[in-house]
Amino acid sequence: MEIFRTKSVEQSIRDTEAPEHQLRKRLTATDLTVFGIGVIVGTGIFVLTGQVAKTMAGPAVAVSFVVAGIVCGLAALCYAEFASTIPVAGSAYTFAFATLGEFPAWVIGWDLTLELALAAAVVAVGWSGYFASMLSSIGVHLPSAIAGDNPVVNVPAIAIVLILTTVLVVGIKVSSRVNLILVATKIAVVLLVIVAGLFFVKAANYTPFIPEPVPTPQVGGLKAPLVQVLFGVTPVAFGVLGIFSAAAIVFFAFIGFDIVATAAEETIHPQRDVPRGILGSLAICTALYVAVSLVVVGMQRYDQLSVSAPLSDAFTSVGFAWLATIISIGALAGLTTVVLVLLLGQTRVLFAMCRDGLLPRSLSKVHPRFGTPARLTVIVGVVAMALAGFVSFGELAELVNIGTLFAFVVVSIGVVVLRRTRPDLPRGFRAPLVPALPILSVLACLYLMLNLPVETWLRFLVWMVIGVVVYFVYGYRHSRTAAPSVRSDD
């Protein structure tokens with residue numbers, strides 16, 4: 001069937017050499033690692049640690065982070081192999097096009113559009129909240145109509161997206177330098193938390209390390225986890241099962257390492273440096289998460305931790321409230337880098353889709369001076385500003401999670417397919433234990449997806465149906481891989 005036509009790896013690489021669609025190669029392994037850390041270390045390390053320790057895992061939350069890190073590591077190894085083999089913008093979309101075919105590639109590209117655009121807007125709203133809170137601490141109070149819990153127009157969220165969109169238009173190297181400064185700031189704050197917190201750790205707070213298991217209240221209707229609806233399995237808090245239930249939650253603190261792969265085309269030595277960037281950023285972030293979680297539960301007994309601001313409140317409980325302000329600065333820097341890298345990833349995925357003709361190809365032209373997809377960057381920025389400024393998200397943020405896990409599943413399957421169909425391709429990095437490792441990655445991701453609410457699955461399916469309609473109305477007829485009798489060029 002023509003909708004499963006594949007695009008050869010050689011053709012994908014040739015497309016990157018067309019002058020008007022050619023991105024400039026400026027990035028190194030260090031830049032990519034910093035991008036990865038920039039998008040992974042966000043609210044997860046400042047909020048999820050206390051929430052999960054108090055309600056799901058107790059002091060064993062550190063083990064939950066290790067489990068989640070291993071699950072991400074399985075997918076990361078698959079991403080690393082693909083990115084070293086096909087160093088082209090688009091990440092999972094490009095990988096799917098080379099292995100599973102055009103229609104599956106469109107589905108994953110459409111899925112990534114939902115994941116990245118929505119995530120950028122959600123994080124921008126979170127940034128606005130921290131920014132307004134910091135201004136209030138120095139006596140500057142923003143009107144409730146433009147900031148706060150329910151503003152009419154969220155002006156700070158719009159402003160940060162506008163600033164970061166401008167940075168991305170100016171150039172990838174400028175973006176990486178801004179990201180480096182902000183990442184250094186938030187990592188310094190995280191290390192301060194770890195080092196300062198060690199002086200207030202009490203061994204008694206680690207007992208019991210794994211609290212006795214407690215059944216969680218059963219949730220009904222559309223809010224029930226899919227695993228409960230299908231198999232009648234109710235998640236358990238605490239105990240060994242609680243550690244794995246908590247891992248399904250803290251997993252989302254790791255989301256973002258896959259975005260490193262979207263910058264493969266702009267990397268000087270992609271076969272070597274992209275795998276280093278993906279695996280390096282994931283390893284560093286896992287170590288930071290484990291260290292912070294051990295310190296926090298050691299400073300304050302797990303059942304007394306704050307759910308909304310565990311790090312700040314832990315230091316307040318030991319008489320160092322002034323550190324809460326510094327932690328807020330770290331959180332603000334952290335959220336800024338997350339928005340920046342999410343916007344970067346979104347533009348690169350759409351850039352690849354436009355260059356292939358599945359979306360208007362004219363949008364994939366790069367700026368003659370800056371060497372960036374300026375048109376797409378501005379469009380993505382405007383959409384993100386509209387979402388961040390005027391839309392109330394709530395539980396829609398969970399769509400980000402299911403979209404990411406779906407992408408992981410497709411990439412893991414694709415590695416096995418490409419090994420079978422193109423064993424001759426030079427691979428700068430080879431994932432070990434194929435096909436066992438990709439199969440484990442698929443199963444782990446499906447398990448985490450089953451723990452998401454039914455309503456999240458329904459919203460995801462609606463978005464996918466819309467994508468299928470768009471594909472057959474536009475993408476199928478304009479695809480550059482379509483037969484001349486089918487194709488309708490722009």
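**Entry 1: α2 against α8**

I started with helix α2 (residues 29–40) and helix α8 (residues 172–198) in this predicted model, and found that their axes come within 9 Å and cross at roughly 55 degrees. That angle makes α2 oblique to α8. I then looked up the hand, and α2 passes α8 in a left-handed crossing.

Which residues make the contact? From α2 I noted D31, V34, F35, I37 and G38. From α8 I noted I172, K173, S175, S176, N179, L180, V183, K186 and I187. Sorted by class, the contact of α2 with α8 has seven nonpolar, four polar and three charged residues.

**Entry 2: α7 against α14**

Next I turned to helix α7 (residues 155–170), which packs with α14 at an angle of about 170 degrees, the axes being 9 Å apart. Roughly antiparallel or oblique? With angles over 145 degrees counted as roughly antiparallel, α7 is roughly antiparallel to α14.

On the α7 side, I listed A157, I158, V161, L162, T165, L168 and V169. On the α14 side, the contact uses A374, T377, V378, G381, A384, M385, A388, G389 and F390. I checked for charge here and found none: the contact of α7 with α14 divides into twelve nonpolar, four polar and no charged residues.

**Entry 3: α13 against α14**

I stayed with α14 (residues 374–390) and looked at its packing with helix α13 (residues 322–355). Their axes come within 9 Å and cross at roughly 125 degrees, which makes α13 oblique to α14. I wanted the hand here too: is the crossing of α13 past α14 right-handed or left-handed? The crossing is right-handed.

In α13, the residues I wrote down are L343, Q346, T347, R348, L350, F351 and C354. They meet L376, T377, V380 and A384 in α14. The residues of this contact divide into seven nonpolar, three polar and one charged. Going back to my α7 list, I see T377 and A384 there, and both are in the α13 contact as well.

**Entry 4: the second largest pocket**

With those helices still on screen, I looked up the second largest pocket, which has a volume of about 460 Å³. Which elements each supply at least two residues of its lining? I found α6 (102–137), α13, α14 and α17 (454–478).

The lining comes to 21 residues, and T113, A117, Q346, V383 and W463 lie nearest the centre. I had already met Q346, in the contact of α13 with α14. By class, the pocket lining has 18 nonpolar, two polar and one charged residues.

**Entry 5: the cavities**

I went on to closed spaces and counted two cavities of 30 Å³ or more.

The largest cavity holds about 60 Å³ of space. K7, S12, D15, V88, T94, F97, A352, R355 and D356 line this cavity, and the elements giving two or more residues to the lining are α1 (9–15), α5 (92–99) and α13. I sorted the lining into three nonpolar, two polar and four charged residues.

The second largest cavity has a volume of about 40 Å³. For its lining I noted S91, L112, E115, L116, D258, I259, T262 and V349. Which element gives the largest share of that lining? My answer is α6, with three residues. By class, I have four nonpolar, two polar and two charged residues here.

**Entry 6: backbone oddities**

One residue of that second lining, S91, made me look at its backbone. Phi of S91 is near 55 degrees, a positive value in a residue other than glycine. I placed S91 in the loop between α4 (61–85) and α5. I flagged this residue because most residues other than glycine have a negative phi.

Then I looked for cis peptide bonds, since most peptide bonds are trans. One joins T207 and P208, with omega about -5 degrees. I find P208 in the loop between α8 and β1 (214–215), and α8 is the helix from my α2 entry.

Another cis peptide bond runs from V434 to P435, with omega near 10 degrees. Where does P435 lie? I located P435 in the loop between α15 (398–421) and α16 (436–450).

Conventions:
Residues are numbered from 1 along each chain as its sequence is written. This is a predicted model: local features need pLDDT of at least 70, side-chain atom pairs count only at pLDDT 80 or more; totals for chains, interfaces and linings use all residues. Side-chain values use heavy atoms; hydrogens and water are left out. Axes are lines fitted to C-alpha atoms, for helices over the stretch in contact, and angles run from 0 to 180 degrees between N-to-C directions. Helices (H or I, at least four residues) and strands (E, at least two) are DSSP runs, numbered from the N terminus. Angles under 35 degrees count as roughly parallel, over 145 as roughly antiparallel, 65 to 115 as roughly perpendicular and the rest as oblique. A crossing is left-handed if the near helix is turned anticlockwise from the far one by less than a right angle, and right-handed if clockwise. Contact means heavy atoms within 4.5 Å. Ala, Val, Leu, Ile, Met, Phe, Trp, Tyr, Cys and Pro count as nonpolar, Asp, Glu, Lys and Arg as charged, and the others, Gly among them, as polar. On a 1 Å grid over the protein atoms alone, a cavity is a set of points where a 1.4 Å probe fits but cannot get out, and a pocket is an open set with protein on both sides within 12 Å along at least five of seven lines; lining residues have an atom within 4 Å of a point. Grid points are joined across faces, edges and corners, and a volume is the space filled by probe spheres set on the points.
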